[in-house]
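Grab a pencil and get ready to look around a protein. Work through each task yourself before you peek at the solution.

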Amino acid sequence: MPKKIMLLGSGELGKEFVIAAKRLGQFVIAVDSYHDAPAQQVADEREVIDMLDAEALDAIVAKHRPEIIVPEIEAIRTERFYDYEQQGIQVVPSARAANFTMNRRAIRDLAAKELGLRTAAYRYAASFEELQLAIEAIGLPCVVKPLMSSSGKGQSVVRNSADIGQAWDYSQSGKRGDSTEVIVEAFVSFHTEITLLTVTQHNGPTLFCPPIGHRQERGDYQESWQPCRIDEKYLRQAEEMADKVTSSLGGAGIWGVEFFLADDGLYFSELSPRPHDTGMVTLAGTQNLTEFELHARTILGLPIPEIQLLRAGASAVILTDREGDNPRFTGLKEALTDPDTDIRIFGKPTTRPYRRMGVALVSGKPDADLASLKQQAISNAARVTVVCDER
């Protein structure tokens, strides 16, 4: 019998997860705050609600009675997950994981204070005045992030005192939920950002994908590549840190665990208890199983005998620069002329500045030059233009 899965959040990552789940014969209800979200276009059923409304969330859970709840975003009343688990519903990876990772205070204190992982120095602030004091204690430059946000929203680098007011305003406009609180982090002068996709299983060992390197702007990923070739010593450290934090949070699923690699070593940054945007590079065939197929298998308790690196690969995002409706895409023919390339268009019905509308994928032999693959992915993404009906 197929499992009934409720997906909370139906963006591009959710769409690929639904495809992976459907290929395994499952039934999926895709939930989002707007109609025709990407995952809703491939799911069996859809619901449109405000997932920060606890009563609305309870109502659709009661209506559909799913066996598994899979969160794709942070903007959910995750405190309700504990009750759903009590009802016998499997929450992915677990109610504890979803609640801790929605709030940067909870996950950072767990990592730094309870588990002793190395992180950047940090402070919290719930007002502009507290932000000024926190920055004074941390020093400049520093990074300001809302405690609850996603995809870099509300995140900024403060380089001098003139930036503080703008950083506070941006944090409040980009936050998710009701909390005004922000985290202020010392700026780590890193040379590499890494995502270590980590797979935890109910009945099986924790597995790790080959590390993924990535570059961000505005707190959001722009390119990613796999494998990220780092010293074996740092890879083992990253695996140990990822194992500690995911074991503490519990449950089964894939996690995107992020690290900074600086001249003075490795720092834990953040983690997401779900497929990670930088992991879209696995859609280029870099692994025997994509991150979405891994997520589906572990959720369903299916075996994952091994994760193998098959090819080197790179991804680059396709962005839009304006607000509009009815997006169309030109340049696909030009972007797909090179061998070992692919384009994934997400199917979002509206645009806004810097919204991610698709991704360009490139792959090569396992020992291929990653810089060349990255540049090819960037070039192919640039060939695709998003045209829309402007508002």
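Below are six exercises on this predicted model, each with a worked solution.

**Exercise 1. A parallel sheet**

Work out the strand order of the 5-strand sheet, and find which strands sit at its edges.

*Solution.*
Step 1: Trace the sheet from one side to the other. You should get the order 3-2-1-4-5, and the sheet is open, with parallel pairing.
Step 2: Look for strands that pair on one side only. These are strand 3 (45–48) and strand 5 (90–91).
Step 3: Now zoom in on one pair. Strand 1 (residues 4–8) and strand 2 (residues 27–32) run parallel and are joined by 5 bridges. Try finding Lys4: its bridge partner in strand 2 is Phe27.
Step 4: See what packs on the sheet. Helix 1 (residues 12–23) touches strand 1, strand 2 and strand 4 (68–71). The direction of helix 1 makes about 170° with that of strand 1.

**Exercise 2. An antiparallel sheet**

Describe the sheet made of 4 strands, and say which helices lie across strand 6.

*Solution.*
Step 1: Get the order, which is 6-9-7-8 in an open sheet with antiparallel pairing. The edges are strand 6 (122–125) and strand 8 (156–158), each pairing on one side only.
Step 2: Check the twist. On average, neighbouring strands here are turned by 30° against each other, direction ignored.
Step 3: Pick a pair from the sheet. Strand 7 (residues 142–146) and strand 9 (residues 182–186) share 5 bridges in the antiparallel sense. At one spot, Pro146 is opposite Val182 in strand 9.
Step 4: Add the helices. Helix 5 (residues 104–114) lies across strands 6, 7 and 9, at about 155° to strand 6. Helix 6 (residues 128–138) lies across strands 6, 7, 8 and 9, at about 170° to strand 6.

**Exercise 3. Two helices crossing**

Decide how helix 5 and helix 8 are oriented: roughly parallel, roughly antiparallel, roughly perpendicular or oblique?

*Solution.*
Step 1: Recall what you need. Two packed helices are described by the angle between their axes and the distance between the axes.
Step 2: Read off both values. The axes of helix 5 and helix 8 (residues 232–249) come within 11 Å and cross at roughly 120°.
Step 3: Compare with the cut-offs. Roughly perpendicular covers 65 to 115 degrees, and roughly antiparallel means over 145. The two helices are therefore oblique to each other.
Step 4: Add the handedness, which is right-handed for this crossing.
Step 5: Find who meets whom. Ile107, Leu110 and Glu114 in helix 5 meet Val245, Ser248 and Leu249 in helix 8.

**Exercise 4. Lysine under cover**

Is Lys348 buried or exposed, and which polar partners does its side chain have?

*Solution.*
Step 1: Locate Lys348. You'll find it in the loop between strand 18 (341–345) and strand 19 (350–351).
Step 2: Test the accessibility. The cut-off for buried is under 20%. Lys348 has a relative accessibility of 9%, so it counts as buried.
Step 3: List the polar partners. The Lys348 side chain makes a polar contact of 2.8 Å with the side chain of Glu12. It also reaches the backbone oxygen of Arg356 at 2.7 Å.
Step 4: Widen the view. Leaving aside neighbours within four places in sequence, the contacts of Lys348 include Tyr34, Pro38, Pro327 and Met357.

**Exercise 5. A covered strand**

How many residues of strand 20 are buried, and which bridges hold for strand 16 and strand 18?

*Solution.*
Step 1: Count along strand 20 (residues 356–364). You get 9 buried residues of 9.
Step 2: Look at strand 16 (residues 312–319). It runs antiparallel to strand 20, with 8 bridges, and Gly313 stands opposite Ser363.
Step 3: Look at strand 18. It is antiparallel to strand 20 too, with 5 bridges, and Ile343 has Ala360 as its bridge partner.

**Exercise 6. Backbone oddities**

Which peptide bonds leading into Pro93 and Pro141 are cis, and what is phi for Asp340?

*Solution.*
Step 1: Check omega. The bond from Val92 to Pro93 is cis, with omega near -15°, and the bond from Leu140 to Pro141 is cis, with omega near -5°.
Step 2: Place the prolines. Pro93 is in the loop between strand 5 and helix 4 (95–102), while Pro141 is in the loop between helix 6 and strand 7.
Step 3: Check phi. Asp340 has a positive phi near 60° without being a glycine, and Asp340 is partly exposed at 44%.

Conventions: Residues are numbered from 1 along each chain as its sequence is written. This is a predicted model: local features need pLDDT of at least 70, side-chain atom pairs count only at pLDDT 80 or more; totals for chains, interfaces and linings use all residues. Side-chain values use heavy atoms; hydrogens and water are left out. Two strands pair if DSSP finds at least two bridges between them. Axes are lines fitted to C-alpha atoms, for helices over the stretch in contact, and angles run from 0 to 180 degrees between N-to-C directions. Contact means heavy atoms within 4.5 Å. Buried means under 20% relative accessible area, exposed over 50%, partly exposed in between (1.4 Å probe, protein chains only). A polar contact is a pair of N or O atoms within 3.5 Å; within protein, one must be able to donate a hydrogen and the other to accept it, and residues adjacent in sequence count only if both atoms are side-chain atoms. Angles under 35 degrees count as roughly parallel, over 145 as roughly antiparallel, 65 to 115 as roughly perpendicular and the rest as oblique. A crossing is left-handed if the near helix is turned anticlockwise from the far one by less than a right angle, and right-handed if clockwise.
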